[in-house]
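Okay, thanks for coming, everybody. I'll put the structure up on the screen and then walk you through the charged pairs and the empty spaces.

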Amino acid sequence: VGTLTDAEQLAYADAVRAGFQHGDLDAGDYLAATKPLTASKTREVFTAPMGTFNWILDNEATTDAQRARLRQWATDAYLPKLKALGYRKKAGEPDNDTITRTTLAGFLADKDIGVPEVRAELLKQGDAALKTKDGRLDLDAADSDMLASALGVAVEERGAPAVDALMAEVPKTSDPAKRNAMLIALGDTSDPALANKVRDFALGKDVKVGEMAMVLRGGRQSEATRSELWKWFTANYDKIVARTGSFAG
């Protein structure tokens with residue numbers, strides 16, 4: 001695989017994924033076959049396995065041992081690349097480095113993978129962003145490109161205080177990138193009571209109609225959270241359609 005061009009490696013990635021989706025390769029085969037791709041220096045190549053990897057983690061891994069093996073695969077493949085880039089944008093760095101950092105940090109910090117080093121760094125940035133400065137959250141304290149991931153980890157770890165702080169800050173903020181980051185982070189809560197509180201917030205005037213999906217797409221990671229989301233959606237369906245119109249609804 002290492003001798004192939006970038007385009008050939010992407011074709012190989014497509015072929016391996018097709019083999020897995022067709023049932024010719026099992027999860028172990030897929031991981032072994034795509035591991036060489038993660039050694040590439042080209043972002044489009046080394047991130048190619050991520051989508052199917054997440055599917056395997058979400059849908060096939062049923063034991064702690066299987067999940068641990070997947071976490072180790074992800075850590076070995078991607079943590080060295082993230083550490084080489086660092087956790088903050090450098091002055092004058094190429095756009096590709098910025099995109100790569102954001103992609104890797106979000107992937108490794110995801111609760112289901114949860115690389116401790118990455119979550120600790122993002123939590124540090126998230127906590128700093130949630131501190132008040134002149135009566136407002138200090139959102140600039142986190143790396144701007146990783147703000148959504150940092151706040152998402154803070155919401156998962158800190159719970160209600162983080163959720164309440166973000167809901168209070170959203171109506172005061174006009175910057176679209178910061179609003180998006182806060183709304184995406186609010187959707188990351190897995191606590192049923194908090195999740196419903198956040199969804200109710202998405203139906204209110206402080207969240208624009210076009211922003212609602214960023215909040216309401218959260219809570220689909222597990223059967224339990226999907227069940228809670230379904231209950232809320234069916235109970236609030238008329239309100240959702242009334243606010244968004246039938247097409248967006």
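So, salt bridges to begin with: the count comes to 15 of them, and keep in mind that this is a predicted model. The general idea is that side chains of opposite charge can pair when their charged atoms come close.

Take Arg 17 and Asp 14. They form a salt bridge with the closest N and O atoms 2.6 Å apart. Both residues are in helix H1, and because they sit three residues apart there, about one helical turn separates them. Arg 17 is partly exposed at 25% relative accessibility, and Asp 14 is partly exposed too, at 41%.

Now a pair that reaches across the chain. Asp 127 bridges to Arg 158, with the closest N and O atoms 2.6 Å apart. Asp 127 is in helix H7 and Arg 158 in helix H8, so this pair ties together parts that are 31 residues apart in sequence. For relative accessible area, Asp 127 comes out at 24% and Arg 158 at 42%.

Then there's Lys 197 with Asp 164, at 2.7 Å between the closest N and O atoms. That one links helix H11 to helix H9, 33 residues apart. Lys 197 is partly exposed at 38%, as is Asp 164 at 34%. And we have a network as well: Arg 119, Glu 156 and Glu 157 are linked by salt bridges.

Okay, on to the empty spaces. The largest pocket has a volume of about 1200 Å³. It's lined by 47 residues, and the closest to its centre are Asp 110, Lys 111, Glu 156, Asp 188 and Gln 221. You'll recognise Glu 156 from the network a moment ago. Which helix gives the largest share of that lining? It's H8, with six residues. By type, the lining divides into 16 nonpolar, 15 polar and 16 charged residues.

There's also one cavity of 30 Å³ or more, with a volume of about 40 Å³. Its lining includes Leu 186, Thr 189 and Arg 199, and helix H11 supplies the largest share, three residues. Four of the lining residues are nonpolar, four polar and one charged.

Last stop, Thr 173, in the loop between helix H9 and H10. Buried or exposed? Buried, because its relative accessible area is 7%, and the cut-off for buried is under 20%. Its side chain makes a polar contact of 3.4 Å with the side chain of Arg 136. Thr 173 also touches Lys 178, Arg 179 and Met 182, among the residues over four places away in sequence.

Methods:
Residues are numbered from 1 along each chain as its sequence is written. This is a predicted model: local features need pLDDT of at least 70, side-chain atom pairs count only at pLDDT 80 or more; totals for chains, interfaces and linings use all residues. Side-chain values use heavy atoms; hydrogens and water are left out. On a 1 Å grid over the protein atoms alone, a cavity is a set of points where a 1.4 Å probe fits but cannot get out, and a pocket is an open set with protein on both sides within 12 Å along at least five of seven lines; lining residues have an atom within 4 Å of a point. Grid points are joined across faces, edges and corners, and a volume is the space filled by probe spheres set on the points. Helices (H or I, at least four residues) and strands (E, at least two) are DSSP runs, numbered from the N terminus. Ala, Val, Leu, Ile, Met, Phe, Trp, Tyr, Cys and Pro count as nonpolar, Asp, Glu, Lys and Arg as charged, and the others, Gly among them, as polar. Buried means under 20% relative accessible area, exposed over 50%, partly exposed in between (1.4 Å probe, protein chains only). A polar contact is a pair of N or O atoms within 3.5 Å; within protein, one must be able to donate a hydrogen and the other to accept it, and residues adjacent in sequence count only if both atoms are side-chain atoms. Contact means heavy atoms within 4.5 Å. A salt bridge is a side-chain nitrogen of Lys or Arg within 4 Å of a carboxyl oxygen of Asp or Glu.
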